[in-house]
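Here is a short tour of one protein model, with a few stops on its surface. Please keep the structure open as you read.

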Amino acid sequence: DILINNAGTIFFKRKINCSNMNKTVFVNFVAPVYLFYCLKTKLLNSNRPRLINIVSDPDNYFNKSPKLNLNFWYYYTKSKFYLVLFTFFIKKRIIKINSICINPGRMSTNFGKDNNLLKFLFFFYHYCFGQKPKKVAFKIAQIIFKNKNSKKVFYTLTKNKKFIFNKKDNKLINRIICVIKKKLLKK
């Protein structure tokens with residue numbers, strides 16, 4: 001009844017997968033879209049189907065351009081922005097599926113802990129100033145289980161940001177979904 005896409009990664013060095021895609025974009029955006037289309041029929045046959053996409057750093061993708069000139073950050077924010085657009089796309093196209101995206105904000109997890117100094121600083125900042133994962137999980141569960149068929153699509157646990165899905169975003173996500181369907185959903 002509920003598909004929750006919570007995958008998130010960031011590669012500090014540029015990595016390409018076997019499909020010749022950036023790995024950050026693949027894990028954060030393409031994989032959740034692929035998973036949705038693989039499970040779409042099962043979701044449509046359930047009583048109250050819901051699609052939940054966990055997204056982050058809305059300040060960066062709302063501006064649609066990176067604030068920092070860092071390649072890894074650009075791909076991370078771009079992939080999360082696309083996931084927000086995909087959530088609106090599903091809400092608009094498949095009315096039976098209640099699709100929402102949730103921005104949990106900074107969390108004190110091990111995200112970015114390994115190896116070099118840049119990763120450690122990223123981890124340290126989030127660990128010191130982020131919310132505890134149990135607290136965030138509880139808030140997310142409240143949204144998921146209390147939200148029956150809300151018209152609201154974007155939820156944020158930190159700031160009162162709103163996201164407006166416009167015609168330009170609709171065209172962009174339509175093109176992206178077509179490419180993904182052609183490349184990954186061939187059977």
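## Around Lys-96

Leaving aside residues up to four places away in sequence, Lys-96 touches Leu-44, Asn-45, Ser-46 and Pro-49. One of these partners, Ser-46, sits 50 residues from Lys-96 along the chain, and the two C-alpha atoms are separated by 10.0 Å. Keep in mind that this is a predicted model.

To find Lys-96 in the fold, look at the loop between α3 and β3, the latter spanning 98-103. Is Lys-96 buried, exposed or partly exposed? Its relative accessibility is 43%, so Lys-96 counts as partly exposed, given that this class lies between the 20% and 50% cut-offs.

## The fold as a whole

Stepping back, the protein has six helices and four strands. Read from the N terminus, these elements follow the order β-α-β-α-α-β-α-α-β-α.

How much of the chain is buried? Of the 187 residues in the protein, 46% are buried. Among contacts with a separation of 6 or more, 73% join residues that are 24 or more positions apart. As for the outside, the protein exposes about 11100 Å², and carbon and sulfur atoms supply 57% of that area.

## A positive patch

Now for the charged surface. Lys-92, Arg-93, Lys-167, Lys-171, Arg-175 and Lys-181 form a positive surface patch. Which helices each supply at least two of the patch residues? They are α3, covering 71-93, and α6, covering 167-184. The largest share comes from α6, with four residues.

Lys-167 is a good residue to pick out here, as a member of the patch that is placed in helix α6. With a relative accessible area of 72%, Lys-167 is exposed, because that class begins over 50%.

## A nonpolar patch

The surface has a nonpolar patch too: Ile-2, Ile-4 and Phe-145 make one of about 270 Å². Ile-2 belongs to strand β1, which runs over residues 2-5.

Where does Ile-2 fall on the accessibility scale? At 30% relative accessibility, Ile-2 counts as partly exposed. Lys-96, at 43%, also counts as partly exposed, whereas Lys-167 is exposed at 72%.

Conventions: Residues are numbered from 1 along each chain as its sequence is written. This is a predicted model: local features need pLDDT of at least 70, side-chain atom pairs count only at pLDDT 80 or more; totals for chains, interfaces and linings use all residues. Side-chain values use heavy atoms; hydrogens and water are left out. Patches are made of residues with over 30% relative accessible area and no salt bridge: like charges are joined within 9 Å, nonpolar side chains (Val, Leu, Ile, Met, Phe, Trp, Tyr) within 5 Å. Accessible areas come from the Shrake-Rupley method with a 1.4 Å probe; for residues, only the protein chains shown count as cover. A salt bridge is a side-chain nitrogen of Lys or Arg within 4 Å of a carboxyl oxygen of Asp or Glu. Lys and Arg count as positive and Asp and Glu as negative; His and the chain ends are not counted. The place of a charge is taken as NZ of Lys, CZ of Arg, CG of Asp or CD of Glu. Buried means under 20% relative accessible area, exposed over 50%, partly exposed in between (1.4 Å probe, protein chains only). Contact means heavy atoms within 4.5 Å.
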